[in-house]
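Here's a quick walk through one protein chain, written for someone who'd rather look at the fold than read a table. Have a look at the structure first, then read on.

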Amino acid sequence: MSDPASSAGPSADPADAPVEYRLAPLVAVRFVGLALVLLAVLVLVGTALVALAGMPADVLVVLLVLGVAAVLGLGWWLRSRLAVVRFDEHGYRVRLVRGAGVKAAPWKQVAEAATVSPRGIRCVLLRLEDGSTTTIPVEVLDADPEQLVRDLQHRLRRGEGLRPL
């Protein structure tokens, strides 16, 4: 009987497994805080409507419970399910980053990778062969910046067809 790892071929390198980088906790808290402010406004409007329409106060309780559940669900989703940056063997994908530029591309289209700091924000800049760019702000990710760069370098080498000796 053969070993499954040995028959998987050259692409079975664990470093080639897809990796996802999630939001940094402070960024997720900002989104949850915004959701709480929106919930407060919704409850205020709901209170005015209940008072003016003579509806029972239970409507407000239901609105509040559903709103708090939605905010908690948003917080859970942002911290544990939402992948802002995804690297896999074929390319990368960036989500929820305003001004990122090109949101997805295969590794073979990346001509250059560099670190930049526009306005003091540490970023990774991926310049594509057609001249377009992708900017990934490192500070919004829950990741060690050095590990992110090492992972990116490895994937770029693999995307060019280079293999370690």
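## The sheet

First, a bit of vocabulary: two strands count as paired if DSSP finds at least two bridges between them. Keep in mind, too, that this is a predicted model.

With that in hand, look for an open sheet of three strands, lined up in the order S5-S6-S7 with antiparallel pairing. On the edges sit S5 (110-116) and S7 (133-137), each of which pairs on one side only. Neighbouring strands in this sheet are turned by 15° against each other on average, ignoring direction.

Zoom in on S5 and S6 (residues 123-128): they run antiparallel and are joined by six bridges. Across that pairing, Ala114 stands opposite Leu125 in S6.

## Helix H3

Now for H3, which covers residues 58-80, 23 residues in total. From its first C-alpha to its last it reaches 33 Å, close to the 33 Å expected at 1.5 Å a residue.

Which residues of H3 are buried? They are Leu60, Gly67, Val71, Gly75 and Leu78. Part of what covers the buried residues of H3 is helix H2 (25-53).

## The whole chain

Zooming out, the chain has four helices and seven strands. Along the sequence they come in the pattern α-β-α-α-β-β-β-β-β-β-α.

Of the 165 residues, 30% are buried. The chain exposes about 10,600 Å², with carbon and sulfur atoms supplying 64% of that. As for contacts between residues at least 6 apart in sequence, 54% join residues at least 24 apart.

How values were computed
Residues are numbered from 1 along each chain as its sequence is written. This is a predicted model: local features need pLDDT of at least 70, side-chain atom pairs count only at pLDDT 80 or more; totals for chains, interfaces and linings use all residues. Side-chain values use heavy atoms; hydrogens and water are left out. Helices (H or I, at least four residues) and strands (E, at least two) are DSSP runs, numbered from the N terminus. Axes are lines fitted to C-alpha atoms, for helices over the stretch in contact, and angles run from 0 to 180 degrees between N-to-C directions. The expected span of a helix is 1.5 Å times one less than its number of residues. Buried means under 20% relative accessible area, exposed over 50%, partly exposed in between (1.4 Å probe, protein chains only). Contact means heavy atoms within 4.5 Å. Accessible areas come from the Shrake-Rupley method with a 1.4 Å probe; for residues, only the protein chains shown count as cover.
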